Amino acid sequence: MKRIASAVVLTTVAALAVVAAPAVSQPKVVKIGDLGSKVGVFEGYGKYQTMGIQMAVEELNAKGGVLGHRIEILSEDDETKPAPAVRKAEKLILQDDVKLLVGVVSSGATMAVMDVTKKHKTIHWNSVSCAEFMRTTKFHKYYFSNQPDSRMQANGLAKYIVDKMGKRVYIFYTDYAMGQSDGRQFKTALEKLGGEVVGVAGAPLDTKDFSPWFGAINQAAPEVLFLAFAGTDSLRLMTQLHSFGMTRKYKLAGIDCFLLQQDLPSIAEPMEGFVQLNHFSAYNPDKSMQAFNAKFRKRFGVDANIAAGAYDAVHFWAAAVEKAASFDPDRVAEAHEGMCREETHIGRQCIRKEDHQVVMDMHLYQVKGGKNIPIARIAGTDSIGEPMVGRDPVEGFSWEIKKKN
Amino acid sequence: MIFGLLGVMNFAHGELYMLGAYAGIAVIGVTHSFWVALIAAPLLVAALGAVTEVATLRPLYRREPLYGLILTFGLALVFREGARQIWGGDMRRVLPPVTGSTPLLGMTYPNYRLFLLGASSALLLLIWLFFTRTRAGVLVRAAVQDAEMLDGLGVNVPRLFTLTFAGSAALAALAGLLLAPVFTVYPQMGVEMILLAFIVVILGGMGSMGGSVVAALVIGTAQSLFSLWMNPQRVAIAIFAIMIVVLIVRPRGFFGREGVLE
């Protein structure tokens with residue numbers, strides 16, 4: 001009987017050893033989270049964010065991963081809403097134990113996720129959202145951004161508009177965190193430069209018919225129509241402005257994430273002449289952008305766009321982990337500060353220590369034949385502004401229209 | 001009509017509207033003609049509607065209305081996600097077949113929107129003629145009144161149900177394609193339209209076509225007029241306020257028949 005029992009035990013141990021052996025020999029894994037819009041108004045940005053992360057992870061894993069760990073990506077859809085974004089961020093951090101969270105796309109959702117990454121001490125990179133609160137009142141030590149925020153964009157755009165396009169401007173924005181922030185900062189910057197805001201209006205995110213707002217715009221008779229929209233909202237808005245003859249009537253300008261390059265050919269006619277601030281374009285002759293775009297195109301068969309910042313975010317994090325020789329969030333966060341990388345999608349980029357904002361040059365592009373053609377370069381140091389961590393960036397701001405005689 | 005005839009609140013109607021737009025894009029891709037698509041896309045979606053009715057709705061007719069509601073809700077998810085799998089989630093644009101704009105009452109108005117005005121009026125007239133002047137239309141109305149009696153008189157009621165469902169799918173598809181150049185095309189487009197459609201139907205009175213027309217006119221006019229006086233964002237609140245007031249005063253809507261919802 002004892003012999004039988006011993007045989008059973010030995011067989012079981014042997015079987016377990018066989019089963020467990022591959023697990024022991026497998027390399028260690030570190031997980032990172034890709035949280036973004038997989039459906040809805042910002043779906044395009046979420047898709048390219050994932051591609052950027054994927055490409056960076058493939059490059060890093062080909063060189064042995066980070067700190068000897070193979071990197072694994074876990075992707076989640078935030079439905080472009082704060083509540084699901086928070087839920088998914090908590091799932092990625094608490095259940096999946098991700099050491100880096102990249103995302104999300106919508107500014108409102110990003111700010112909500114920032115509370116989660118602060119609470120759970122998780123390195124958080126944002127490469128698309130641009131509301132001004134993220135490097136001011138909502139800022140925390142684990143948060144980093146390589147997307148120019150509203151203040152940077154406004155500083156870059158307002159001067160060009162006042163100098164080259166016209167001083168009477170109507171601000172039309174998408175009425176949630178991003179649009180409000182862009183509208184506010186642009187109004188402030190424009191008025192400082194002597195421009196006149198002749199009207200402001202906000203339309204809800206994902207508006208289907210913008211025509212009810214057109215009467216007020218026409219009544220204000222601006223020279224320039226400044227548009228702070230993104231994603232499918234921008235496509236729809238431009239189609240409708242064009243059908244009402246307003247793309248020919250006014251000069252048009254818009255923010256960084258107004259439209260992805262991929263969307264331009266399908267809307268080339270309404271977009272002709274549109275001035276858009278962007279930090280990246282596949283049509284920019286800049287060597288770094290061309291080199292990155294060639295690499296991206298080889299991997300995915302399509303041009304890259306502004307969402308390529310997610311690629312750099314992963315590389316920055318991996319470099320910081322190697323520098324800290326640890327995944328400890330405090331040490332990794334400190335290792336990030338002041339770090340510079342040469343081979344990003346737009347060349348050299350450095351992380352400012354005070355507010356963890358990447359100092360990046362931006363470009364103004366004009367749409368010609370469905371392509372973003374560069375017309376001016378704005379140095380990152382000129383547009384970034386002073387650090388405002390903990391300070392209210394909208395203190396004293398008013399939407400009131402100051403009439404000029 | 002679907003609710004009156006089949007006793008099913010069709011939550012997948014928005015997705016048939018969306019599929020019409022996508023089918024239109026597919027047909028335009030092959031024929032390069034919006035006008036051909038305007039005929040072919042509704043026929044394609046009507047065929048899908050007929051298959052759906054036979055395969056999924058028919059077995060549920062004798063059950064509680066809740067079954068139909070849950071089924072069509074599920075169908076909506078299947079159609080929407082199916083469209084996303086086939087065509088992707090990116091927004092697509094359909095070029096308007098009628099371009100240019102016309103000066104109208106001090107503003108520039110797109111010619112395509114004027115065309116839509118005419119097309120939808122003509123379509124309404126055709127539907128009204130169908131229900132009042134054709135044998136098929138009279139049979140559908142009779143089935144709404146008493147399907148069992150019609151069955152007893154030798155009419156093939158199941159086939160009538162299938163054809164009615166297919167017809168409503170075709171109309172939804174036609175609307176989807178007609179509105180595609182204005183609102184663009186994406187998998188979620190049906191969800192957003194269905195809410196407004198339900199407001200119109202409830203306000204007009206369940207089962208009343210004339211009521212729906214009146215309700216649509218009331219809502220459209222209110223939307224436009226309120227936009228002149230208030231931020232267009234707040235107009236949605238005004239629309240719901242109108243609906244609440246009408247439902248308090250007339251719980252069955254403008255022209256709702258007694259017993260439809262009870």
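The legends below describe close-up views of a predicted model.

Local features are reported only where pLDDT is at least 70 and side-chain atom pairs only at pLDDT 80 or more, whereas totals for chains, interfaces and linings use all residues. Residues are numbered from 1 along each chain as its sequence is written, and chains are lettered from A and ligands numbered from 1 in the order in which they are written.

**View 1. The open sheet of chain A, with seven strands in mixed pairing.** The strand order is β7-β6-β8-β9-β10-β14-β15 (chain A), where helices (H or I, at least four residues) and strands (E, at least two) are DSSP runs numbered from the N terminus, and two strands pair if DSSP finds at least two bridges between them. At the edges stand β7 (196-203) and β15 (371-378) of chain A, each of which pairs on one side only. On average, neighbouring strands of this sheet are turned by 25 degrees against each other, direction ignored; the axes are lines fitted to C-alpha atoms, for helices over the stretch in contact, and angles run from 0 to 180 degrees between N-to-C directions.

**View 2. The pairing of β14 with β15 in chain A.** Strand β14 (residues 362-368) of chain A runs antiparallel to β15(A), and seven bridges connect the two. Within this pairing, A:Val367 has A:Asn372 of β15(A) as its bridge partner.

**View 3. Helix α7 of chain A on the sheet, and the loop that follows.** Helix α7 (residues 211-220) of chain A packs on the sheet and touches β6 (168-174), β7 and β8 (224-228) of chain A, a contact being two residues whose C-beta atoms, placed from the backbone, lie within 7 Å. The direction of α7 makes about 180 degrees with that of β7(A). A:Ala221 is found in the loop between α7 and β8 of chain A, and its phi is positive, near 50 degrees, although the residue is not glycine. A:Ala221 is exposed, with 12 other C-beta atoms within 10 Å; a residue is buried if 20 or more other C-beta atoms lie within 10 Å of its own, exposed if 12 or fewer, and partly exposed in between, with C-beta atoms placed from the backbone.

**View 4. Backbone geometry in the loops on either side of α4 in chain A.** Most residues other than glycine have a negative phi, and most peptide bonds are trans. A cis peptide bond, with omega about -5 degrees, joins A:Gly103 and A:Val104, and A:Val104 lies in the loop between β3 (100-102) and α4 (107-119) of chain A. A:Lys121, in the loop between α4 and β4 (123-126) of chain A, has a positive phi of about 50 degrees although it is not a glycine. This lysine, A:Lys121, counts as partly exposed, with 16 C-beta neighbours inside 10 Å.

**View 5. Packing of helices α8 and α10 in chain B.** Chain B holds 10 helices and two strands, among them helix α8 (residues 189-204) and helix α10 (residues 232-249), which pack at an angle of about 25 degrees with their axes 10 Å apart. That angle makes α8(B) roughly parallel to α10(B), a description that applies to angles under 35 degrees, while those over 145 count as roughly antiparallel, 65 to 115 as roughly perpendicular and the rest as oblique. At this packing, B:Ile199, B:Ile202 and B:Leu203 in α8(B) meet B:Ile239, B:Met243 and B:Val246 in α10(B).
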